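Q: Could we go through this model together, one feature at a time? I'd like to start with the open spaces and then move on to other parts.

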Amino acid sequence: MAGLSDEILETELRVIDRAAKRALLDLDVEASWKIVPILAEGLRSVRRALEMITDDSPMAAEASFLLQHKEKEFEASLVHAAGLVVDVLSNTETVTSGDSVLVKLNAYLAAPTITTIDKMILEAPTGWSVETYREAKPAEEGRFARFFREKPDRQESFRVVVPSDAQVVQPYWLIESIESRKGEVFPWPEGDLQNQPFAPPLVHGRVSVEIGGVLVEVVKPLQFRFADPVRGELRRNVDVVPAITVALDSDLKVIPISESCKDCRLEVRIESHVAQPQTGWVRLNLPDGWMATPAKVPFTLDTKGDMATADFSVSSSQPLVVGSHRIRALAVVEDESFDTEMQTIAYPHIQTHRIYRPAEILLQVVDFHVAPVTVGYIMGSGDRVPEALIQMGLTVTMLGPDELRSGDFSRFDTIVVGIRASEARPDFVSHHERLLDYVRQG
């Protein structure tokens with residue numbers, strides 16, 4: 001094995017090989033617990049073989065690596081064969097620094113006669129507080145509750161307190177500030193995570209259990225579970241997020257140099273991620289020579305998920321020159337400031353992630369002129385082209401099913417078709433010939 005003398009591990013390797021083959025042949029999917037003794041025998045032999053490797057030569061290191069991998073495979077097989085299920089569930093998907101989250105660590109035993117739970121613990125990062133939590137006695141269950149309510153064989157409840165200096169959870173390769181990036185290229189951080197797509201969850205449960213006389217540890221991450229009316233049960237990792245997030249309605253505004261920019265309107269959105277009421281005000285950090293009306297706008301957010309908007313009109317007190325100007329939104333609650341926008345990336349085929357960037361907009365002053373034309377726009381699967389055309393000073397009309405069916409196309413100087421319109425808009429496909437007639441008529 002891996003260059004080692006066969007005599008050193010021959011006996012144990014034979015037992016391991018025999019156990020793997022017997023488990024595969026004897027597996028009964030309706031009574032998988034029957035192969036637990038076989039798997040337990042194989043796991044014992046793997047661990048004995050690991051103890052026999054005592055030197056630190058390259059061949060021994062490779063053999064140890066292979067056996068450790070095989071140990072994990074036997075442990076996972078034992079857990080599955082015994083029907084052991086471990087769940088670590090939170091009462092919320094997001095938590096803020098200084099806040100707390102309630103956690104239930106559940107264990108379900110399909111074969112309690114051969115499975116004995118030793119201990120159940122919850123592990124969190126240094127500085128986090130984990131304490132046992134005892135709920136009030138639940139109300140008497142209804143006659144049908146047993147059909148719909150889970151009954152763990154063992155359950156431990158915890159309250160986890162997040163420290164006030166806890167950082168938000170985001171992909172580890174985006175933790176460095178945007179200012180340190182070269183365009184869209186981020187600096188690759190040092191450390192053990194370099195070969196991992198994402199950092200491991202912050203909190204996880206660890207259950208020590210004896211299966212078939214062999215001690216195994218099961219580690220599961222903390223997750224939030226909820227029911228989607230279409231897709232059924234969904235689970236997401238629990239993330240630390242800011243108490244308040246701020247976002248502008250756009251990240252870019254193009255201003256022709258011919259305009260005076262006396263009424264550039266900006267909308268700021270403020271969202272709360274804490275259950276307690278939040279009262280404060282929002283303002284804009286402006287470059288020299290610019291001013292905002294009003295100077296600041298008060299807001300009140302009653303509970304988690306509440307949103308508020310603030311409208312500003314910004315203008316330059318000096319003639320515009322070609323160039324870029326950045327404006328950042330800032331929300332203040334008591335003595336704490338928030339100027340970060342949160343983007344949640346959630347698709348059915350991947351785990352949900354949150355990324356952050358400064359809540360700012362780039363005002364780009366450009367020396368250009370456009371012809372006074374009217375534009376009809378057929379939106380496809382979604383884009384921001386109409387917004388860009390409007391910023392250029394063009395008159396844009398969105399064309400819906402009624403306009404495509406019987407509208408007067410001659411009132412438009414040009415008609416723009418959005419991305420993948422033929423896929424997303426059946427009405428566009430149905431009335432395509434009318435659009436071609438419009439083109440043929442010049």
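**Pocket, cavity, helices and a lysine**

Q: How do the residues lining the largest pocket divide by class?

A: This is a predicted model, and in it the lining of the largest pocket divides into 15 nonpolar, nine polar and nine charged residues.

Q: And what volume does that pocket have?

A: The largest pocket holds about 710 Å³ of space; 33 residues line it, and those closest to its centre are Val168, Pro242, Phe338, Asp339 and Thr340.

Q: Which strands supply at least two residues each of that lining?

A: Strand S19 (323-333), strand S20 (336-338) and strand S22 (353-358) each do so.

Q: Switching to closed spaces, how many cavities of 30 Å³ or more turn up?

A: A search of the whole structure finds one of that size, and the volume of the largest cavity is about 80 Å³.

Q: What lines the largest cavity?

A: Its lining consists of Val95, Val101, Trp128, Pro201, Leu202, Val203, Leu222, Val238 and Val240, which by class gives nine nonpolar residues, with no polar and no charged ones.

Q: On to helices: what span should H2 have, and what does the model give?

A: Helix H2 covers residues 36-52, and because each of its 17 residues is taken at 1.5 Å, the expected span is 24 Å, which agrees with the 25 Å between its end C-alpha atoms.

Q: Which residues of H2 are buried?

A: The buried residues of H2 are Val36, Ile38, Leu39, Ala40, Gly42, Leu43, Ser45, Val46, Ala49 and Leu50.

Q: What about the span of H3?

A: For the 25 residues of helix H3 (residues 58-82), the expected span at 1.5 Å a residue is 36 Å, and the end C-alpha atoms are 36 Å apart, which agrees. The buried residues of H3 include Ala60, Leu67, Phe74 and Leu78, and also Glu71 and Glu75. Just after H3, Gly83 has a positive phi of about 70°.

Q: Last topic, where is Lys304?

A: Lys304 lies in the loop between strand S17 (296-301) and strand S18 (307-316), and it counts as partly exposed because its relative accessibility is 34%, a value between the 20% and 50% cut-offs.

Q: Which residues is Lys304 in contact with, sequence neighbours aside?

A: Beyond its neighbours within four places in sequence, Lys304 is in contact with Thr92, Thr94, Ser272, His273, Val274 and Ala275. The side chains of Lys304 and Thr92 are joined by a polar contact of 2.7 Å, although these two residues are 212 residues apart along the chain, with 11 Å between their C-alpha atoms.

Conventions
Residues numbered from 1 in each chain as written. Heavy atoms only, no water. 1 Å grid on protein atoms, 1.4 Å probe; cavity = no way out; pocket = protein on both sides within 12 Å on 5 of 7 lines; lining within 4 Å. Points joined across faces, edges and corners; volume = space filled by probe spheres on them. Helix = DSSP H or I, 4+ residues; strand = E, 2+ residues; numbered from the N terminus. Nonpolar A, V, L, I, M, F, W, Y, C, P; charged D, E, K, R; others polar. Expected span 1.5 Å × (residues − 1). Buried < 20%, exposed > 50% of the residue type's maximum accessible area, 1.4 Å probe, protein only. Contact = heavy atoms within 4.5 Å. Polar contact = N/O pair within 3.5 Å; in protein donor to acceptor, adjacent residues only side chain to side chain.
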